[in-house]
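User: I would like a close look at one part of this protein. Please keep the sentences short and go step by step.

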Amino acid sequence: MRRAIFPGSFDPVTNGHLDIIERGCKLFDEIIVAVVINPHKQPLFSVEERRELLTTVLTEISSDGCRLVVEDFQGLLMEYAAARQAAAVVRGIRAFSDYEYELQMALMNRRLEPRIETVFMMPAEAYSYVSSRLVKEVAQLGGSITGLVPPLVEARMREKLGQR
Ligand code: PNS
């Protein structure tokens, strides 16, 4: 059984994240989508809300028999991944600019836990510019985010931002 961890802030989950999860499902038997608990960040959605949104939207993607689990974690990603006996950590790379930071993290993570590989995956071109940060900024300023996040996430964002 090949298990991977797909870690992130998921504040909120975007269609780019879902695209990566669908692709990851072709490689792994189980993917744990792991929401990081970061006490230093002020998120739009609480960890519980992010987990709930993820759990709901994951039922709508084509997982191809791959088991999808949503969890949260605190502390070192590699300690968590090792405790879950994961074979790999999946990260999405959109543009060349992502690569430098991701490479640094992957190499540090390899040093911490050499048994666990980092797998970089590219989302569909249509999502190559989509990030949670930009989606939040555009929504906060009243712009359209339709098609960039699942409809449920869009509705919850509008509610949160008092736009409905
Ligand atoms: O969605 P994000 O914010 O890009 O995800 C970043 C994440 C969660 C992968 C990264 O911040 C992380 O791994 N945090 C856990 C703490 C840790 O292990 N830090 C050392 C990284 S080398």
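How many bridges join strand β1 to β2, and do the two run parallel or antiparallel? Start there, then work outward through the strands around them.

Analyst: This is a predicted model. Six bridges join strand β1, residues 3-8, to β2. The two strands run parallel. One pairing to look for is P7, which stands opposite A34 in β2.

Take β1 by itself. Six of its six residues are buried, so β1 is largely enclosed by the rest of the structure. The cover is on both faces. R3, I5 and P7 are buried on one side. A4, F6 and G8 are buried on the other.

β1 also pairs with strand β4, residues 88-92. Two bridges join them, and these strands are parallel. Here A4 stands opposite A88 in β4.

Now β2. This strand covers residues 30-36 and is mostly covered, with six of its seven residues buried. β2 pairs with strand β3, residues 67-73, as well. Seven bridges hold that pairing, again in the parallel sense. V36 of β2 stands opposite F73 in β3.

Next, the connections. From β2 the chain passes through helix α2, residues 47-58, on its way to β3. This β-α-β crossover is right-handed. β1 and β2 belong to a right-handed β-α-β unit too, with helix α1, residues 15-24, as its helix.

The charged side chains add another set of links. The structure holds twelve salt bridges. One of them joins E30 and R3, at 2.6 Å from N to O. E30 sits in strand β2 and R3 in strand β1, so to speak of this pair is to speak of distant parts of the chain, 27 residues apart. Both E30 and R3 are buried.

E30 has a second partner. It forms a salt bridge with R67, where the closest N and O atoms are 2.8 Å apart. This pair also links distant parts of the chain: E30 is in strand β2, R67 is in strand β3, and their positions lie 37 residues apart in the numbering. The two ends differ in cover. E30 has 4% relative accessibility and therefore counts as buried. R67 has a relative accessible area of 52%, so R67 is exposed. Put together, R3, E30 and R67 are linked in a network of salt bridges.The cysteines call for a similar check. The structure holds zero disulfides. The sulfur of C25 is 3.0 Å from the closest cysteine sulfur, that of C66, which is too far for a bond. The cut-off here is 2.5 Å between cysteine sulfur atoms. C66 is likewise in no disulfide. Both cysteines are covered. C25 counts as buried because its relative accessibility is 5%. C66 has a relative accessible area of 6%, so C66 is buried as well.

Back to β4, on the β1 side. R91 meets E102 in a salt bridge, at 2.8 Å from N to O. R91 lies in strand β4 and E102 in helix α4, so the pair ties together parts that are eleven residues apart in sequence. E102 is buried, with a relative accessible area of 5%.

R91 has another neighbor to note. The C-alpha atoms of R91 and M121 are separated by 6.2 Å, although the two residues are 30 apart along the chain. M121 is in strand β5, residues 117-121. With a relative accessible area of 11%, M121 is buried.

Last, helix α4 itself. This helix covers residues 96-112 and includes L103. L103 has 31% relative accessibility, so L103 counts as partly exposed. L103 joins F96, Y99 and L107 in a nonpolar surface patch of about 410 Å².

Methods: Residues numbered from 1 in each chain as written. Predicted model: local features only at pLDDT ≥ 70, side-chain atom pairs only at ≥ 80, totals over all residues. Heavy atoms only, no water. Patch = residues over 30% accessible without salt bridge, like charges linked within 9 Å, V, L, I, M, F, W, Y side chains within 5 Å. Areas by Shrake-Rupley, 256 points an atom, 1.4 Å probe, with all protein chains shown as cover. Salt bridge = Lys/Arg side-chain N within 4 Å of Asp/Glu carboxyl O. Helix = DSSP H or I, 4+ residues; strand = E, 2+ residues; numbered from the N terminus. Buried < 20%, exposed > 50% of the residue type's maximum accessible area, 1.4 Å probe, protein only. Pairing = 2+ DSSP bridges. Right-handed = clockwise from strand over helix to strand, strands pointing away.
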